[in-house]
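Thank you all for coming; I would like to walk through one model with you this morning, going from its enclosed spaces to a few residues with unusual backbone geometry. Please have the sequence and the structure open while I talk.

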Amino acid sequence: MNTFGQIFRITSFGESHGRGIGVVVDGCPAGLALDLNAIQEDLERRRPGQSRITTQRKEPDQFEILSGTVDNVTTGAPIACMVWNKDQRSKDYSHIEQKFRPSHADYTYFKKYGLRDHRGGGRSSARETIARVIGGGIAKQLLALKFGIQIDAWVAAVGTVEMERYWDKAMELTTENAKIVRCPDEEKADAMVAAIEAARKAGDSLGGIVACRASNVPVGLGEPIYGKLHALLGAAMLGINAVKGFEIGSGFNGARMKGSDHNDQFYTDDEGRIRTRTNYSGGVQGGISNGENIEFRVAFKPTSTLMRDQDSVDAEGKSTVVKGKGRHDPCVVPRAVPIVEAMAALVLADLYLLNLGRQV
C-alpha cells in the first residue's frame with residue numbers, strides 16, 4: 001500500500017498536484033546524526049527542471065523535517081519530512097480529465113477506485129518518489145555508519161545506446177553530458193544525450209537501464225525463505241514508476257552459461273576473508289548477502305507521455321484522441337538514479353535491523 005519495510009519503514013503521502021509530498025520514516029534508531037545536505041543533494045539529482053534533457057517543471061524540492069530529530073540527530077521517534085509543490089499547472093491536464101492516456105495508470109485507477117486524480121496522475125505520479133529518496137537518504141547514512149556501505153547507481157543504457165559493464169570501477173562523472181545523463185562512459189554519455197534530445201524534438205520518448213552497486217555489504221543480510229535479499233530488491237525496484245525489469249548478478253545472461261563457468265569459486269584472501277573469484281551471484285547466495293558487492297540492473301520503459309497525438313478511449317469507452325501537450329521527461333532514466341539507490345538502501349537498512357534479532 002503506502003508503507004514500505006518492516007522495521008525501518010517509510011510511509012508516503014501526497015499527490016503530484018496537491019500541496020506537496022511527504023514521508024514518515026519510522027524505525028530509524030536513535031542517535032544517528034543526519035547530514036541534511038546529503039539528502040538534499042539526492043533530491044537535487046531527482047528533481048525536475050535540472051537540465052535540458054528533463055521535464056521543465058520548476059520545483060526546488062527543498063525538504064524540511066517536521067519531527068523525529070533534535071539538532072539533526074534522530075531521537076527514535078517517527079521522522080516526518082515534507083516537500084511543498086511550487087510549480088503545479090493543473091490546467092495542463094484538463095484535456096484528459098475524461099480520457100485515458102495510453103500506458104498510464106488512468107484506466108486502472110479509475111476502474112479500481114471509481115475515480116481518479118487526472119492532475120499529473122495523482123498518486124501514480126513519479127513525484128511520489130520524493131518520499132523514497134528522503135527515506136533512502138536516511139537509510140544510506142545508517143548503513144554507512146554501521147558498515148561503511150556505499151551505494152552507487154548510474155545510467156547503463158538509454159534506448160539502444162549501452163555502455164559496457166562497470167562493476168569494478170569508481171564512479172566518476174567528468175563531463176557535462178556525463179553529469180546530466182549520469183553515465184560514467186563519456187562517449188556513451190554524449191550519444192545518450194543526443195538520443196534523448198532527438199526523441200524530445202520528435203515528440204517521442206526513450207527507456208533505458210540503471211545499474212546499481214552496493215559495496216562493503218556484510219555477510220548475512222537476507223531472510224530465508226520468503227525474505228530473500230534479491231527478492232526484496234526486485235520487489236523494491238519493480239515498485240518504482242516505469243520499471244519493467246530487474247536482474248541481479250549475471251541475470252538473464254546466466255541462463256546461457258554452463259554451471260562450470262557460472263559458479264563463483266571461493267578462496268581466502270590475504271586478509272583471511274572468504275571471497276569469491278567471480279560475482280555472477282551478484283553478491284547474494286541462498287537469498288543472503290555473501291560479502292561481495294551487490295550488483296543489479298533495472299530496466300525502465302519509455303516515458304508514456306508523448307508530445308504527439310495518440311488514439312485512446314474516454315471514461316465512457318468512446319474513441320478519442322489524447323493531445324500531446326504539457327511538460328514531460330523524454331527519458332526518465334537519469335532522474336531515476338537516486339531513486340534506485342534509495343530503494344536499495346531501504347531494503348538493506350531494513351534487513352540490517354531484522355538481522356539484529358538473529359544474534360545473541
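**Cavity, pocket, strands and loops**

By class, the residues that line the largest cavity are six nonpolar, no polar and three charged, where Ala, Val, Leu, Ile, Met, Phe, Trp, Tyr, Cys and Pro count as nonpolar, Asp, Glu, Lys and Arg as charged, and the others, Gly among them, as polar. Before I go further, I should say that this is a predicted model, in which local features need pLDDT of at least 70 and side-chain atom pairs count only at pLDDT 80 or more, while totals for chains, interfaces and linings use all residues. Residues are numbered from 1 along each chain as its sequence is written, and side-chain values use heavy atoms, with hydrogens and water left out.

The lining of that largest cavity consists of Trp-154, Ala-156, Met-163, Glu-164, Arg-165, Tyr-166, Trp-167, Ala-211 and Arg-297, and the space inside the cavity is about 40 Å³. Searching the whole structure gives one cavity of 30 Å³ or more. On a 1 Å grid over the protein atoms alone, a cavity is a set of points where a 1.4 Å probe fits but cannot get out, whereas a pocket is an open set with protein on both sides within 12 Å along at least five of seven lines, and lining residues have an atom within 4 Å of a point. Grid points are joined across faces, edges and corners, and a volume is the space filled by probe spheres set on the points.

Turning to the open spaces, the second largest pocket has a volume of about 310 Å³. It is lined by 15 residues, of which Ala-38, Asp-42, Lys-140, Gln-150 and Ile-151 are the closest to its centre. At least two residues of this lining come from each of helix 1 (36–46), helix 3 (129–147) and strand 8 (150–158), where helices (H or I, at least four residues) and strands (E, at least two) are DSSP runs numbered from the N terminus. The lining of the second largest pocket divides into six nonpolar, three polar and six charged residues.

What does Asp-61 touch, if we do not count residues up to four places away in sequence? Asp-61 touches Gln-40, Leu-43, Arg-46, Arg-47, Pro-48, Val-83, Arg-127 and Ile-130, contact meaning heavy atoms within 4.5 Å. Asp-61 lies in the loop between helix 1 and strand 4 (63–67), and it is buried, with a relative accessible area of 0%; buried means under 20% relative accessible area, exposed over 50%, and partly exposed in between (1.4 Å probe, protein chains only). The side chains of Asp-61 and Arg-127 are joined by a polar contact of 2.7 Å, that is, a pair of N or O atoms within 3.5 Å, of which, within protein, one must be able to donate a hydrogen and the other to accept it, with residues adjacent in sequence counting only if both atoms are side-chain atoms.

Strand 4 brings us to an open sheet of five strands, ordered 1-2-3-7-4 with antiparallel pairing. Its edge strands are strand 1 (3–4) and strand 4, each pairing on one side only; two strands pair if DSSP finds at least two bridges between them. Strand 4 and strand 7 run antiparallel and are joined by four bridges, and Glu-64 has Met-82 in strand 7 as its bridge partner.

Further along the chain, strand 17 (residues 310–313) and strand 18 (residues 319–322) also run antiparallel, with four bridges joining them, and Gln-310 stands opposite Val-322 in strand 18. Strand 17 has a covered face, Gln-310 and Ser-312, and an uncovered one, Asp-311 and Val-313.

Pro-102, in the loop between strand 7 (79–84) and helix 2 (106–113), is in contact with Ser-304, Gln-310, Asp-311, Ser-312 and Val-322, leaving aside its neighbours within four places in sequence. The C-alpha atoms of Pro-102 and Asp-311 are separated by 8.0 Å, although these residues are 209 apart along the chain. Pro-102 is partly exposed, at a relative accessible area of 23%.

Lastly, the backbone: most residues other than glycine have a negative phi, and most peptide bonds are trans. Ser-103, in the same loop between strand 7 and helix 2, has a positive phi near 65 degrees. Asp-71 has a positive phi of about 55 degrees, and the peptide bond from Pro-224 to Ile-225 is cis, with omega near 5 degrees.
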